[in-house]
Each structure stands twice: as C-alpha cells, then as structure tokens.
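Good morning, and thank you for coming. Please take a moment to look at the structure on the screen before I begin.

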Amino acid sequence: METRTALVTGAAQGLGREFAVALAGHGCRVAGLDLVAQPETAEQVPGYVELIGDVTDEGQIQGALERVIEEFGTLHILVNNAGVYPSCPFEEITPGEWRRIMRVNLEAPFLLTRAVLPYLKAAGWGRVVNIVSAAVLTAPPTMVPYVASKMGLIGFTRSLAAALGPYGITVNAIAPSMVRTATAERTVGADGGFEHVRVGQVVPRTQEPSDLISTLLYVVDEGSGFLTGQTLNVSGGSAFL
Ligand SMILES: NC(=O)c1ccc[n+]([C@@H]2O[C@H](COP(=O)([O-])OP(=O)(O)OC[C@H]3O[C@@H](n4cnc5c(N)ncnc54)[C@H](O)[C@@H]3O)[C@@H](O)[C@H]2O)c1
C-alpha cells in the first residue's frame, strides 16, 4: 500500500502535536503548519516537514503546500486542528474578535481544504478531519463565537463530505470535551474549569490528548471509506449528539 502523507495544522503543541506523532506512528509522512516553530514535534516525528505560517493567510498556505509537495510529491490527509478558544462574556465581544475567531476556526479550514483538494483528487483518496468541540452541545455562555465557529465547522464537514464523496475523499469531524493541553490549562481549564467539565461527564476524569488518537486513526484508516460527514463525539459522555 502507498505511504500516506498528512498535513496537520496547529502542530507545535497540544492536540496537533499529538496528532502529528500518532500519524507518524501509523506509518504516515507528516508535515505540520503552525504560526510558530515546532521543535518538539520535529523531535518526535521522523522526517517531519516543519512549516511556519498563518492558516488564515492564503499566500502562506500556498507557500507551505508547495514545500509539502516538494518533499512528499503528494498529499492524502488534512487535519484542520489549529484553533483558538477564548472565553469572554458575550457583551464584551467586539466585531474584530468575532471575526478573528471565525477566520481561524472556520475560514482557515475552508482555505486549507481548497488548497489541498487538487492533490487529494489526483491521489484518488483523501481524508479531511476537522477538530470541533463538544462545546457545541454544552454551549457555555462565555464561548458564543467559539461555539458558533465550531458549529459552522460541523456544517462545513457535512456539506463538504457530500461535495467530495465522488473523489474518494471522506470528511469527518472529531469533537473532544475539555482536554488537558497547555493552552486549556492556562485558560478555560483554570479556576476549576476542568473540574466543572469533569462532573458533567460519564467518564470521571479529565480528557488527555492521547484519548483522541484511536478516533483519529479510525477516521483516517484505509477501511473507513464509508464513514463520512460524521461528527465523532469523544467527550467522555458529557454531551450526546
Ligand atoms: N484543549 C481543549 O480543551 C479542546 C477541546 C475541544 C476542542 N479543542 C480544539 O482542538 C484544537 C487544538 O486545541 P489545543 O488545546 O491543542 O490548542 P493549542 O493552543 O495547544 O494549539 C493550537 C495551535 O494552533 C496554532 N495556531 C493558532 N492560530 C493559528 C494560525 N492562525 N495559524 C497557524 N497556527 C495557528 C497555535 O500556534 C498552536 O500551536 C483547537 O481547534 C481547539 O478548538 C480543544
């Protein structure tokens, strides 16, 4: 079987780093795109292609993709993981902040998918995986633009699955609950945030990045070609779709 090649956004830390390492362990060649350098990811992923750029910038996406194709010659898997999740009372959200969240969480997956599509089509096989959030179900009052952006990304997932099905490309979303990453620990998880989410789960512990790996590998698996347009809710039973 052909070696699969993957591009993971937001791969410097947190879930993105975990996904990049897991895909490499699964036999993929992996590139990561992030605003910042990714030395810890590069250390753990043999042959890692480190790309520095902004996922909201079309020119920077194109430049990054050219490097991927130079290195790999092809692309099969896109993991739209880069995202921001600020917490803020609704009445304090400015239009500028709203647009920033929408651009990173919703517009960037569109720009990335649009850019990689010719390569996935040429390969006749592809997997697009969008990282959303179980917050779309629990709907916290301080995350209105975030929930709107991730709900938009679920809609994007469903409709895009229909558009790309004829090319042998599946499109799915994974919805974690609150996961112990450095950013979550510093922000939404601080001041009892993790505890608040944990008591609402059926599984009585905090979710770790490693809890999402089996689902990611299932979605990108060769045998998962009939799984598309779905949102896999991996939230310890905190919310049911
Ligand atoms: N951690 C959680 O509790 C949790 C829960 C549900 C969903 N998620 C989702 O999972 C994803 C990853 O979360 P995380 O906790 O690992 O985040 P994180 O902050 O640890 O990592 C996100 C990475 O994305 C990069 N990034 C941000 N904006 C970018 C841009 N414009 N261009 C390129 N790179 C950019 C950052 O530099 C960072 O390395 C996000 O989409 C988030 O919404 C996280």
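**Helix 6 and the ligand**

Valine 144 counts as partly exposed because its relative accessibility is 31%; buried means under 20% relative accessible area, exposed over 50%, and partly exposed in between, with a 1.4 Å probe and protein chains only. I should state early that this is a predicted model, in which local features need pLDDT of at least 70 and side-chain atom pairs count only at pLDDT 80 or more, while totals for chains, interfaces and linings use all residues. Residues are numbered from 1 along each chain as its sequence is written, and side-chain values use heavy atoms, with hydrogens and water left out.

Valine 144 belongs to helix 6, which covers residues 144-164. Helices are DSSP runs (H or I, at least four residues), numbered from the N terminus.

Valine 147 is also in helix 6. Valine 147 is buried, because its relative accessible area is 15%. Beyond its neighbours within four places in sequence, valine 147 is in contact (heavy atoms within 4.5 Å) with Ala135, Val136, Ala139 and Pro140. Its C-alpha atom is separated by 9.0 Å from that of tyrosine 85, 62 residues apart along the chain.

I turn now to the ligand. Which polar atoms of the protein lie beside it? A polar side-chain atom of glutamine 13 is 3.3 Å from a ligand oxygen atom. Polar backbone atoms also take part: that of leucine 35 lies 3.3 Å from a nitrogen atom of the ligand, and that of valine 55 lies 2.9 Å from a nitrogen atom of the ligand.

Key. Helix = DSSP H or I, 4+ residues; strand = E, 2+ residues; numbered from the N terminus. Polar contact = N/O pair within 3.5 Å; in protein donor to acceptor, adjacent residues only side chain to side chain.
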